[in-house]
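Colleague: I would like a close look at the charged side chains in this model and at the pairs they form. Please take the pairs one at a time, then place them in the rest of the chain.

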Amino acid sequence: MAKVKVATVWLESCAGCHMSLLDIDEAIIDLANLIEFTRSPITDIKEFTPVDVGIVEGSVGNTEEEETVIDLRNNCKILVALGNCACFGGVCAMRSSMDKADALRRAYIETESTADGKIPCSPGVPALLDQVKPVNQVVKVDCFVPGCPPDAPTIKYALNELLAGRIPILSSEMMSFI
Ligand code: SF4
């Protein structure tokens, strides 16, 4: 039987949701028999190819992240927003309450530990968006798995439902820790 192809990306985030994905322990061995990870921080593959499921950790805060999530959406049949940052903006969206020039100045020049700070401005540095957005404000999302991070049993349930051809419906218990 052909394996289900899955790509994962992390955008503006702390990597905690990917860590929680790996935290499903020995179940990941069973999943590895059913899933082929393509582009993912887990595989370090950098190019998108068409996949069945795309999983997004993190919110969208700069132009590179915006391009990445659009690229993933264009290459997957089902898109999953994994974690509060992807679903709602999360802690990263705190930046949206301030002007982005003020945020850059605070981060790179005014922090108490900074000496001779300079705001990065080379062409290779993606530009900040005015607002940090949850994924569904950029592309269509088919499935939301909130949590900070979602716990391993919830991720395992969601993946198993997707493997069974169903969009996961999370119980209120699964979301009670949010
Ligand atoms: Fe990290 Fe929480 Fe955001 Fe996941 S939802 S990337 S654990 S801050």
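Modeller: Lysine 46 has a relative accessibility of 55%, so this residue counts as exposed, the cut-off being over 50%. The model is a predicted one, and what follows is computed from it. Lysine 46 has a partner: its side chain meets that of aspartate 44 in a salt bridge, at 2.8 Å from N to O. Aspartate 44 falls in the class below, partly exposed, because its relative accessible area is 49% and that class lies between 20% and 50%.

The next pair is aspartate 52 with lysine 77, a salt bridge whose closest N and O atoms are 3.0 Å apart. This bridge links distant parts of the chain, since aspartate 52 belongs to strand E3 (residues 51-57) and lysine 77 to strand E5 (residues 76-82), with the two positions 25 residues apart. The two ends also fall in separate exposure classes: aspartate 52 is partly exposed at 22% relative accessibility, while lysine 77 is exposed, with a relative accessible area of 60%.

A third salt bridge joins arginine 106 to glutamate 112, where the closest N and O atoms are 3.1 Å apart. Arginine 106 counts as partly exposed at 34%; glutamate 112, in contrast, is exposed, with a relative accessible area of 68%.

Charged side chains can also be joined beyond a simple pair. Arg73, Lys140 and Asp142 are linked in a network of salt bridges. The count for the protein comes to 10 salt bridges.

Some acidic residues gather with their own kind instead. Asp23, Asp25, Glu26 and Asp30 form a patch of negative charge on the surface. One of them, aspartate 23, sits in the loop between helix H1 (16-22) and helix H2 (27-34). Aspartate 23 is partly exposed, its relative accessible area being 43%, so it passes the cut-off of over 30% that a patch residue needs.

Helix H1 also contributes to a surface patch of another character. Methionine 19 is found in H1, and together with Trp10, Leu22 and Ile42 it makes a nonpolar surface patch of about 370 Å². Methionine 19 is partly exposed, at 48% relative accessible area, which means that it too is above the 30% limit for a patch.

Two more charged residues are worth placing by their C-alpha contacts. Lysine 100 lies in helix H5 and is partly exposed, with a relative accessible area of 29%. Its C-alpha atom is 6.1 Å from that of aspartate 130, although 30 residues separate the two along the chain. Aspartate 71, found in helix H3 (residues 63-75), is partly exposed at 35%. From C-alpha to C-alpha, aspartate 71 and threonine 49 are 9.6 Å apart in space and 22 residues apart in sequence.

One acidic residue stands out by its backbone. Most residues other than glycine have a negative phi, and most peptide bonds are trans. Aspartate 116 has a positive phi, near 55°. This aspartate is in the loop between helix H5 (100-110) and strand E6 (128-133), and it counts as exposed because its relative accessibility is 81%. Alanine 15 likewise has a positive phi, of about 80°, without being a glycine. It is found in the loop between strand E1 (4-10) and H1, but at 15% relative accessibility it counts as buried, the limit being under 20%. As for the peptide bonds, the one from cysteine 148 to proline 149 is cis, with omega near -10°. Proline 149 lies in the loop between strand E7 (143-145) and helix H6 (152-163).

Last, the frame that holds these side chains. The protein has 6 helices and 7 strands, which follow one another along the sequence as β-α-α-β-β-β-α-β-α-α-β-β-α. Buried residues make up 40% of the 178. The C-alpha trace spans about 55 × 35 × 30 Å along its principal axes. The radius of gyration is 17 Å, which agrees with the value near 16 Å for a compact globule of 178 residues.

Conventions:
Residues are numbered from 1 along each chain as its sequence is written. This is a predicted model: local features need pLDDT of at least 70, side-chain atom pairs count only at pLDDT 80 or more; totals for chains, interfaces and linings use all residues. Side-chain values use heavy atoms; hydrogens and water are left out. Patches are made of residues with over 30% relative accessible area and no salt bridge: like charges are joined within 9 Å, nonpolar side chains (Val, Leu, Ile, Met, Phe, Trp, Tyr) within 5 Å. Accessible areas come from the Shrake-Rupley method with a 1.4 Å probe; for residues, only the protein chains shown count as cover. A salt bridge is a side-chain nitrogen of Lys or Arg within 4 Å of a carboxyl oxygen of Asp or Glu. Lys and Arg count as positive and Asp and Glu as negative; His and the chain ends are not counted. The place of a charge is taken as NZ of Lys, CZ of Arg, CG of Asp or CD of Glu. Helices (H or I, at least four residues) and strands (E, at least two) are DSSP runs, numbered from the N terminus. Buried means under 20% relative accessible area, exposed over 50%, partly exposed in between (1.4 Å probe, protein chains only). The radius of gyration is taken over C-alpha atoms; the globule rule is 2.2 Å times the number of residues to the power 0.38.
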